[in-house]
Structure formats: C-alpha cells, structure tokens
Amino acid sequence: MSTDIPNADTSPEAAARAAEQAALIEAGRKLFAGEWNFLTAAPTIETLPAMRGIEIAFAGRSNVGKSSLVNALTGRKALARTSVTPGRTQELIFFGLGPDLTLVDMPGYGFAQAPKEKVDAWTATIHAYLRGRANLARVFVLIDSRHGLKPIDLGVLDGLDKAAVSYAIVLTKADQLKKDELATRLEETQAALTRRPAAFPVVFPTSSREGAGMPELRAAVVTLMRERGIS
C-alpha cells in the first residue's frame with residue numbers, strides 16, 4: 001500500500017517554505033527561552049512605560065486564557081498571574097525580554113467584578129493605548145475555540161479595524177475540541193476575517209495546557225521583529 005499523501009505539494013517552492021518556517025520556529029524557540037521579567041502594571045495612560053523595541057498585546061474576553069497563554073509562550077509557569085475569577089486583571093501588565101520585546105497582558109472585556117466607573121476608566125485607558133502606542137506591532141485577540149467569535153468580540157475587532165491596529169486571532173483551548181470541530185471553527189473564524197482590513201490572515205489554534213500552537217506564535221513574533229528591523 002502506498003504511503004504517499006494525496007495532493008501533497010512536493011515542489012521546490014513548498015520545500016523552501018517549509019524550511020523557512022522551520023527556521024522561524026527555531027528562532028522563536030531561542031528567543032522566548034530568554035530571561036523574561038515583569039516590568040510594570042499600568043492602570044492609566046499616564047503610567048505607561050516608555051516605549052522600547054516592539055510590543056505584542058493580548059486581548060480577549062475575561063477568562064479566555066490570556067495569562068495562561070503568556071506563561072505557555074514564555075515557558076514560565078507563573079510569569080503572568082492566572083485566576084479563576086473573571087475580570088481580575090484591571091491594568092495593562094508589561095513583561096519584558098531585554099530591550100527589544102515586550103508582551104502586554106490586557107484586562108479582559110465582557111465581565112469584571114468592579115464598579116462601572118472603574119471599568120469605564122480602564123476601558124478608556126485600553127483604547128488610548130491601542131490608538132497611540134507607536135511600537136505596538138500586533139494585538140493577538142484570544143477567542144475561546146469552544147464558543148467562537150461572539151458579538152462582543154466582533155465589536156472589539158471593529159474598533160481595531162477602525163484604529164488600523166494590526167491584529168491576529170488566537171483560538172484558545174483547542175485541545176478541548178475534536179479534530180473535525182476544530183477544523184470547522186477555524187474555517188468559520190477565517191471566513192469572518194476576510195473583509196477586515198487590519199486582520200492578519202492566519203488564525204492560530206492553541207492549547208496552553210498542551211503547548212500546541214506556541215511554536216507558531218513565537219515564529220510570528222520573530223517575523224514581526226524582523227519586519228521592524230529588530231533581529
């Protein structure tokens with residue numbers, strides 16, 4: 001019985017793309033294996049740290065797994081604080097890798113155990129940050145793969161499109177879906193992005209618990225750094 005994969009692309013171009021992706025994944029592994037540190041927590045626009053290198057921000061509904069994703073990406077179990085209480089993160093949390101790369105854990109949207117006035121205040125801070133942060137290279141918008149894009153998520157994407165802030169969709173908790181269910185979710189998500197001007201065309205399925213998708217995310221960050229002239 002033949003073991004060939006039907007319709008597999010064996011062209012030199014495909015081999016070159018695969019080699020390039022493998023090199024990016026290795027570069028990402030080495031990059032994220034560096035020494036990560038908590039930098040600061042910024043509750044207001046006035047307390048944002050000075051810009052340096054590039055920043056990658058993580059946004060999403062409360063309890064979607066932002067802190068867990070940051071920990072999985074950096075290989076640190078407790079770099080970002082995780083909580084079972086939705087809405088606990090109420091500041092922009094900055095983590096740095098030397099002078100060139102900063103990850104930003106943003107407050108979750110959609111639910112928060114705080115007075116409305118406080119929620120409104122940090123929502124304004126988030127919007128100001130997204131509009132005015134010149135070194136913000138991309139926002140990874142996390143979506144629970146079990147539920148897909150919801151109206152509140154689409155509203156956030158509308159805002160990012162309007163502000164011309166580059167973003168990509170990360171599907172979290174992908175290990176909790178069957179293979180065919182995940183494939184359907186990926187197709188649905190991809191289709192929802194086709195006419196969005198600021199959306200990156202690749203959707204990243206991930207599992208912080210199993211580490212799935214982390215190499216590809218790290219490789220995407222390496223690509224962003226190189227595009228910004230940071231090797």
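User: In strand 4, which residue is the bridge partner of Leu97?
Analyst: The model is predicted, so local features need pLDDT of at least 70 and side-chain atom pairs count only at pLDDT 80 or more, while totals for chains, interfaces and linings use all residues. Residues are numbered from 1 along each chain as its sequence is written, and side-chain values use heavy atoms, without hydrogens and water. Strands are DSSP runs of E with at least two residues, and helices are runs of H or I with at least four, both numbered from the N terminus. In strand 4, Leu97 has as its bridge partner Leu101.

User: In which sense do strand 3 and strand 4 pair?
Analyst: Two strands pair if DSSP finds at least two bridges between them. Strand 3 (residues 92-97) and strand 4 (residues 101-105) have five bridges, and their sense is antiparallel.

User: Which strands stand at the edges of the sheet?
Analyst: The open sheet has seven strands in the order 1-3-4-2-5-6-7, with mixed pairing. Each edge strand has a single partner strand, so one side is left without a neighbour in the sheet; these are strand 1 (37-42) and strand 7 (204-205).

User: Which element gives the most residues to the largest nonpolar core?
Analyst: A nonpolar core is a set of buried (under 20% relative accessible area, 1.4 Å probe, protein chains only) Ala, Val, Leu, Ile, Met, Phe, Trp, Tyr and Cys residues joined through side-chain atoms within 4.5 Å. The largest has 30 residues, and Leu101 and Leu217 are among those with the most contacts inside it. Elements giving two or more residues include strand 2, helix 2 and helix 6 (214-227). The most, six residues, come from helix 6.

Terms used
Buried < 20%, exposed > 50% of the residue type's maximum accessible area, 1.4 Å probe, protein only.
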